[in-house]
Amino acid sequence: MGAKSAGIVQSHLLWTIGNYFSKSPTKAKATVIPLHFIAGVVHAFLYALLWFRFGFENFGTMVAIGLLTGTLHGIAISFTLLPMVERSRQGFNVVGTHVAAHAAFGVALAIALAMMGPSVDLGQNIAMVVSP
C-alpha cells in the first residue's frame with residue numbers, strides 16, 4: 001500500500017536532500033538514507049548527554065523533555081529545509097508530519113533511556129567520552 005493510497009503525506013524530503021549529492025533517485029536515496037541514520041544516532045547521543053547532564057532521570061520528566069526536544073528539533077529542521085520541499089499545498093502537511101516524526105523519536109529515545117534507569121549512568125559515560 002503506497003503512501004498516497006493510505007492518505008499519508010508523501011514528501012520525498014530525503015530524496016530532495018539526496019539530490020544535492022546525485023541526480024539519480026537511486027543514488028540519492030542510497031547516499032542520504034545512511035546519512036540520516038548516522039545523524040539520528042549522533043542526535044541520540046547528544047540528547048542523552050544533555051538530558052543526563054541536566055539531571056533529567058525520572059520517567060515522566062524524560063518523556064516530557066523528549067517530546068519537547070524532538071518537537072523543537074523537528075520545527076527547526078522543518079523550517080530550515082522547507083524551501084527544499086516542493087512548493088505545493090502539501091507543504092505544511094509535510095512540516096507537520098516531519099515535526100511529529102521528530103517528536104516521536106525524542107519520546108522513544110526518552111522512554112528507552114528512562115527504562116535503563118540511573119544505574120546505567122549513561123550520561124556520565126557519554127560525558128567522559130566527549131570531555132577533554
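User: Let's start with Thr 69. Leaving aside neighbours within four places in sequence, which residues is Thr 69 in contact with?

Analyst: Happy to begin there, with one reminder: this is a predicted model. To read such a contact list, set aside the sequence neighbours and see what remains. For Thr 69, what remains is Tyr 47 and Trp 51. Thr 69 itself is found in helix H3.

User: And the polar side of that residue: how many Å separate a polar atom of the Thr 69 side chain from the backbone oxygen of Ile 65?

Analyst: The separation is 2.7 Å. A polar contact takes a pair of N or O atoms within 3.5 Å, so this pair is inside the cut-off.

User: Ile 65 makes me think of the interior. How should I read a nonpolar core, and which residues make up the largest one here?

Analyst: The general idea is that nonpolar side chains tend to be buried together in soluble globular proteins. Here the largest nonpolar core has 11 residues. Among them are Ile 65, Tyr 47 and Trp 51, the latter two being the contacts of Thr 69 that we just met. The others are Ala 44, Ala 48, Phe 52, Met 62, Leu 109, Ala 110, Leu 113 and Ala 114.

User: Which elements give two or more residues to this core?

Analyst: Helix H2 (25–53), helix H3 (59–81) and helix H4 (91–116) do. H2 gives the most, with five residues.

User: Could we look at one core member, Met 62? Which residues does Met 62 contact beyond its neighbours within four places in sequence?

Analyst: The list holds Trp 51, Phe 52, Phe 56, Glu 57, Ala 110, Leu 113 and Ala 114. Look next at Ala 114, in helix H4. Ala 114 touches Phe 59 as well as Met 62, again not counting residues up to four places away. Its C-alpha atom is 8.7 Å from that of Gly 60, although the two residues are 54 places apart along the chain.

User: Is Ala 114 buried or exposed?

Analyst: Buried means under 20% relative accessible area, and Ala 114 counts as buried because its value is 13%.

User: What should I look for in a buried polar residue such as Ser 78?

Analyst: Ask what its side chain meets. Ser 78 lies in helix H3 and counts as buried at 3% relative accessibility. A polar contact of 2.6 Å joins its side chain to that of His 98. Beyond the residues up to four places away, Ser 78 touches His 98 along with Val 95 and Val 99.

User: Turning to the surface, which residues make the nonpolar patch of about 570 Å²?

Analyst: Phe 37, Ile 38, Val 41, Val 42, Phe 45 and Leu 46 make that patch. Take Val 42, in helix H2: at 43% relative accessibility, it counts as partly exposed. Lys 29 is in helix H2 too, and it is partly exposed with a relative accessible area of 44%.

User: Finally, how do I read the whole chain? How many helices and strands does its secondary structure come to?

Analyst: Five helices and zero strands, running α-α-α-α-α from the N terminus on. For burial, take the share of buried residues: 32% of the 132 residues. For contact range, look at the pairs with a separation of 6 or more: residues 24 or more positions apart account for 64% of those contacts. For the surface, the chain exposes about 8,400 Å², and carbon and sulfur atoms supply 70% of it.

Key. Residues are numbered from 1 along each chain as its sequence is written. This is a predicted model: local features need pLDDT of at least 70, side-chain atom pairs count only at pLDDT 80 or more; totals for chains, interfaces and linings use all residues. Side-chain values use heavy atoms; hydrogens and water are left out. A nonpolar core is a set of buried Ala, Val, Leu, Ile, Met, Phe, Trp, Tyr and Cys residues joined through side-chain atoms within 4.5 Å. Buried means under 20% relative accessible area, exposed over 50%, partly exposed in between (1.4 Å probe, protein chains only). Helices (H or I, at least four residues) and strands (E, at least two) are DSSP runs, numbered from the N terminus. Contact means heavy atoms within 4.5 Å. Patches are made of residues with over 30% relative accessible area and no salt bridge: like charges are joined within 9 Å, nonpolar side chains (Val, Leu, Ile, Met, Phe, Trp, Tyr) within 5 Å. Accessible areas come from the Shrake-Rupley method with a 1.4 Å probe; for residues, only the protein chains shown count as cover. A salt bridge is a side-chain nitrogen of Lys or Arg within 4 Å of a carboxyl oxygen of Asp or Glu. A polar contact is a pair of N or O atoms within 3.5 Å; within protein, one must be able to donate a hydrogen and the other to accept it, and residues adjacent in sequence count only if both atoms are side-chain atoms.
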